Amino acid sequence: WFYTYIAGMKINPSKHNINEVNISPVFISKLNYVKADHALPSGKLAVEWKRDHEVITLNLTVPSAVFGEIILPKGYSFEDGSTNVKLASGSYKIIKA
């Protein structure tokens, strides 16, 4: 429950490929920090998010064989205004829309 809902790890959402992962975290207002990981056949998938006032930093570690999307919940966007992007390792700044 924790890693699928709060951290947002949706492993194999289409039921066709274990390397398909969507990240769609839920930013519960009473939580300021979440960290979770999951072992996939291709390596470790890790999600961490930290709230600093109105900005959330999302840090991802994604094995190279893994593909999918980062999908933000309603009311949040990336700095460029988008709400979903291609899944990749890195650090993402998220703002409340």
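Reader: In this predicted model, what is the order of the five strands in the open sheet with antiparallel pairing?

Author: The model is a predicted one, and one of its sheets is open, with five strands that pair in the antiparallel sense. Neighbouring strands of this sheet are turned by 20° against each other on average, with direction ignored. Read across the sheet, the order is β3-β4-β5-β9-β7.

Reader: Which strands of that sheet have one side left without a neighbour, and why?

Author: A strand at the edge of the sheet has a single partner strand, so one side of that strand is left without a neighbour in the sheet. This applies to the strand at residues 33–40 and to the strand at residues 76–78, which are β3 and β7.

Reader: How many bridges hold β5 and β9 together?

Author: Strand β5 covers residues 55–61 and strand β9 covers residues 90–96, and the two run in the antiparallel sense. Within this part of the sheet, Leu60 stands opposite Gly90 in β9. The pairing of β5 with β9 extends over six bridges.

Reader: What is the strand order in the open sheet with mixed pairing?

Author: This sheet is made of four strands and is open, and its twist averages 20° from one strand to the next. The strands β1 and β8, the latter at residues 84–86, stand at the edges with a single partner strand each, so one side of each is left without a neighbour in the sheet. The order is β1-β2-β6-β8.

Reader: Do β2 and β6 run parallel or antiparallel?

Author: Four bridges join β2 to strand β6, which spans residues 67–71. Along this pairing Glu20 stands opposite Phe67 in β6, and Val21 stands opposite Gly68 in β6. The two strands run parallel.

Reader: Which residue in β8 is the bridge partner of Glu69?

Author: On the pairing of β6 with β8 there are three bridges, and these two strands run antiparallel. In β8, the partner of Glu69 is Lys86.

Reader: Which residues have the most contacts inside the largest nonpolar core?

Author: The largest nonpolar core has 24 residues, and β2, β3, β4 (43–52), β5, β7 and β9 each supply at least two of them. Leu87, for its part, is in contact with residues including Val21, Ile23, Leu60 and Ile70, once neighbours within four places in sequence are left aside. Those with the most contacts inside the core are Ile23, Leu58, Leu60, Ile70, Leu87 and Ile94.

Reader: Is the pair of rings of Phe27 and Trp49 stacked or edge-to-face?

Author: The pair links distant parts of the chain, since Phe27 lies in the loop between β2 and β3 while Trp49 lies in strand β4, 22 residues apart. Phe27 is buried, with a relative accessible area of 7%, and Trp49 also counts as buried, at 0% relative accessibility. The ring centres are 5.0 Å apart and the planes stand at 90°, a value over the cut-off of 60 degrees. The pair is therefore edge-to-face.

Reader: Which residue is linked with Phe27 and Trp49 into a cluster by ring pairs?

Author: A search of the whole structure finds three aromatic pairs. The residue in question has its place in strand β7, and its contacts beyond four places in sequence include Phe27, Arg51, Ile56 and Ile94. Ring pairs join Phe27 and Trp49 into a cluster with Tyr76.

Reader: Is Tyr76 buried or exposed?

Author: Tyr76 and Ile94 are 18 residues apart in sequence, yet their C-alpha atoms lie 6.6 Å apart in space. The relative accessibility of Tyr76 is 11%, and the cut-off for burial is under 20%, so Tyr76 counts as buried.

Reader: Which side chain does the side chain of Asn19 join in a polar contact of 3.1 Å?

Author: Asn19 lies in the loop between β1 (9–11) and β2 (20–23), and this residue is buried, with a relative accessible area of 18%. Its contacts beyond four places in sequence include Ala65, Val66 and Phe67, and Asn19 and Pro63, 44 residues apart in sequence, are 8.9 Å apart in space from C-alpha to C-alpha. The polar contact of 3.1 Å joins the side chain of Asn19 to that of Ser42.

Note on methods
Residues are numbered from 1 along each chain as its sequence is written. This is a predicted model: local features need pLDDT of at least 70, side-chain atom pairs count only at pLDDT 80 or more; totals for chains, interfaces and linings use all residues. Side-chain values use heavy atoms; hydrogens and water are left out. Two strands pair if DSSP finds at least two bridges between them. Axes are lines fitted to C-alpha atoms, for helices over the stretch in contact, and angles run from 0 to 180 degrees between N-to-C directions. Buried means under 20% relative accessible area, exposed over 50%, partly exposed in between (1.4 Å probe, protein chains only). A polar contact is a pair of N or O atoms within 3.5 Å; within protein, one must be able to donate a hydrogen and the other to accept it, and residues adjacent in sequence count only if both atoms are side-chain atoms. Contact means heavy atoms within 4.5 Å. A nonpolar core is a set of buried Ala, Val, Leu, Ile, Met, Phe, Trp, Tyr and Cys residues joined through side-chain atoms within 4.5 Å. Rings of Phe, Tyr and Trp (its six-membered ring) pair if their centres lie within 6.5 Å; planes under 30 degrees apart count as stacked, over 60 as edge-to-face and the rest as tilted.
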